[in-house]
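Work through these exercises with the model open beside you. Try each task before reading its solution.

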Amino acid sequence: VTDVGTRVRKGQLLAQLDDRQLRADRDAADARVKSLAADLKHWQELSKVRYADLARAEEMWKAQLITAQQLEHDRYSAVGSKYEIERQQEDLRNAQETLRSLQLELDKTRIVAPFDGVVARRYVRVGEKVATNDRLFWVTATSPLNVKFTLPEEMLGKVKPGEELKVTLPGAAGEEHKAKVTSVSPVVDPSSGTIEVQAVVLGAPGQLRPGMTVDVSVKAQ
């Protein structure tokens with residue numbers, strides 16, 4: 001299990017659930033797929049032989065060298081092999097679907113990072129039993145850093161995407177960052193009389209961390 005504070009990349013393994021039973025089921029399904037594939041190939045080759053025998057029997061029937069019963073027997077064998085191939089193909093498709101389903105379930109036992117970031121919190125311990133929808137990790141993206149804030153409704157239309165802002169961290173004297181506005185809400189929140197603005201921090205983050213409270217300076221147009 002990955003520890004808190006670990007930097008992770010998208011797709012990196014965070015934890016591995018017990019997959020022994022699923023692996024055994026997957027391996028058994030894989031063996032069945034291979035067995036059915038071999039059976040199908042056997043029947044396809046056998047069908048070629050039986051149809052060749054039927055063609056030869058039809059020629060011998062025309063030459064009055066065999067009985068009608070023998071011809072019908074060869075025809076029955078040839079047609080039967082065709083139906084057997086269809087049955088084997090259906091069995092193989094079903095086995096392949098079962099194998100794919102088990103592989104998907106097996107993939108779910110690998111808990112991976114959804115994006116690049118840092119493990120901010122871990123909710124499970126090694127050996128702990130988990131269930132569907134349980135929280136396991138809190139992964140926070142560290143780049144890019146986005147700033148979300150509100151402005152009085154009078155600023156609607158005065159702040160636009162692409163404009164630069166100044167971001168400062170209270171308690172970190174002298175540390176300033178530039179940020180670029182990425183979106184401005186086109187509507188006013190009637191409960192607060194404000195508009196929501198989002199911006200992305202430019203350059204190195206310095207002491208900025210996800211979840212921090214910062215001061216934002218906006219130049220009124």
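**Exercise 1: Two residues with positive phi**

Asn133 sits in the loop between strand 4 (117-122) and strand 5 (137-140). Strands here are DSSP runs of E with at least two residues, helices are runs of H or I with at least four, and both are numbered from the N terminus. This is a predicted model, in which local features need pLDDT of at least 70, side-chain atom pairs count only at pLDDT 80 or more, and totals for chains, interfaces and linings use all residues. Residues are numbered from 1 along each chain as its sequence is written, and side-chain values use heavy atoms, with hydrogens and water left out.

Task: find the phi of Asn133, then decide whether Asn133 is buried or exposed.

Solution.
- Step 1. Asn133 is not a glycine, yet its phi is positive, at about 75 degrees.
- Step 2. Apply the accessibility classes: buried is under 20% relative accessible area, exposed is over 50%, and partly exposed is in between (1.4 Å probe, protein chains only).
- Step 3. Asn133 has 76% relative accessibility, so it counts as exposed.

Task: in which loop is Gln64 found, and what is its phi?

Solution.
- Step 1. Gln64 belongs to the loop between helix 1 and helix 2.
- Step 2. Its phi is positive, about 60 degrees, although Gln64 is not a glycine.
- Step 3. Gln64 is exposed because its relative accessible area is 65%.

**Exercise 2: A buried residue in the helix 1 to helix 2 loop**

Task: state where Ile66 lies and which residues it touches.

Solution.
- Step 1. Ile66 is placed in the loop between helix 1 and helix 2.
- Step 2. Ile66 counts as buried because its relative accessibility is 17%.
- Step 3. Contact means heavy atoms within 4.5 Å. Not counting residues up to four places away in sequence, Ile66 touches Ala57, Met60, Trp61 and Leu71.
- Step 4. Now look further off. Val8 is 58 residues from Ile66 in sequence, and their C-alpha atoms are 77 Å apart.

**Exercise 3: A buried acid without a partner**

Task: how far is Asp74 from the nearest side chain of opposite charge?

Solution.
- Step 1. Locate Asp74 in helix 2 (residues 68-107).
- Step 2. Recall the principle. Side chains of opposite charge can pair when their charged atoms come close.
- Step 3. Set the rule: a salt bridge is a side-chain nitrogen of Lys or Arg within 4 Å of a carboxyl oxygen of Asp or Glu. For charge, Lys and Arg are positive, Asp and Glu negative; His and the chain ends are not counted.
- Step 4. Asp74 is buried and has no salt bridge; Arg56, the nearest side chain of opposite charge, is 7.0 Å away.
- Step 5. Leaving out residues up to four places away in sequence, Asp74 touches Asp53, Leu54 and Ala57.
- Step 6. Compare with Ala52, in helix 1 (residues 20-62). Ala52 is partly exposed because its relative accessibility is 40%. The C-alpha atoms of Ala52 and Asp74 are 9.7 Å apart, with the two positions 22 residues apart along the chain.

**Exercise 4: Salt bridges**

Task: how many salt bridges does the rule give? Examine three pairs.

Solution.
- Step 1. The count is 17 salt bridges.
- Step 2. Arg26 pairs with Asp27, with closest N and O atoms 3.0 Å apart. Arg26 is buried at 16% relative accessibility. Asp27 is partly exposed at 44%.
- Step 3. Glu105 pairs with Lys108, the closest N and O atoms being 3.1 Å apart. Glu105 is partly exposed at 35%. Lys108 is exposed at 53%.
- Step 4. Glu176 pairs with Lys166 at 3.7 Å between the closest N and O atoms. Glu176 is in strand 8 (residues 176-184) and Lys166 in strand 7 (residues 164-168), so this pair ties together parts 10 residues apart in sequence.
- Step 5. Shared partners join Glu58, Glu72 and Arg75 into one salt-bridge network.

**Exercise 5: Ile111**

Task: is Ile111 buried or exposed?

Solution.
- Step 1. Find Ile111 in strand 3 (residues 110-112).
- Step 2. Its relative accessible area is 16%, so Ile111 is buried.
- Step 3. Beyond its neighbours within four places in sequence, Ile111 contacts several residues, including Gln12, Leu14, Leu136 and Phe137.
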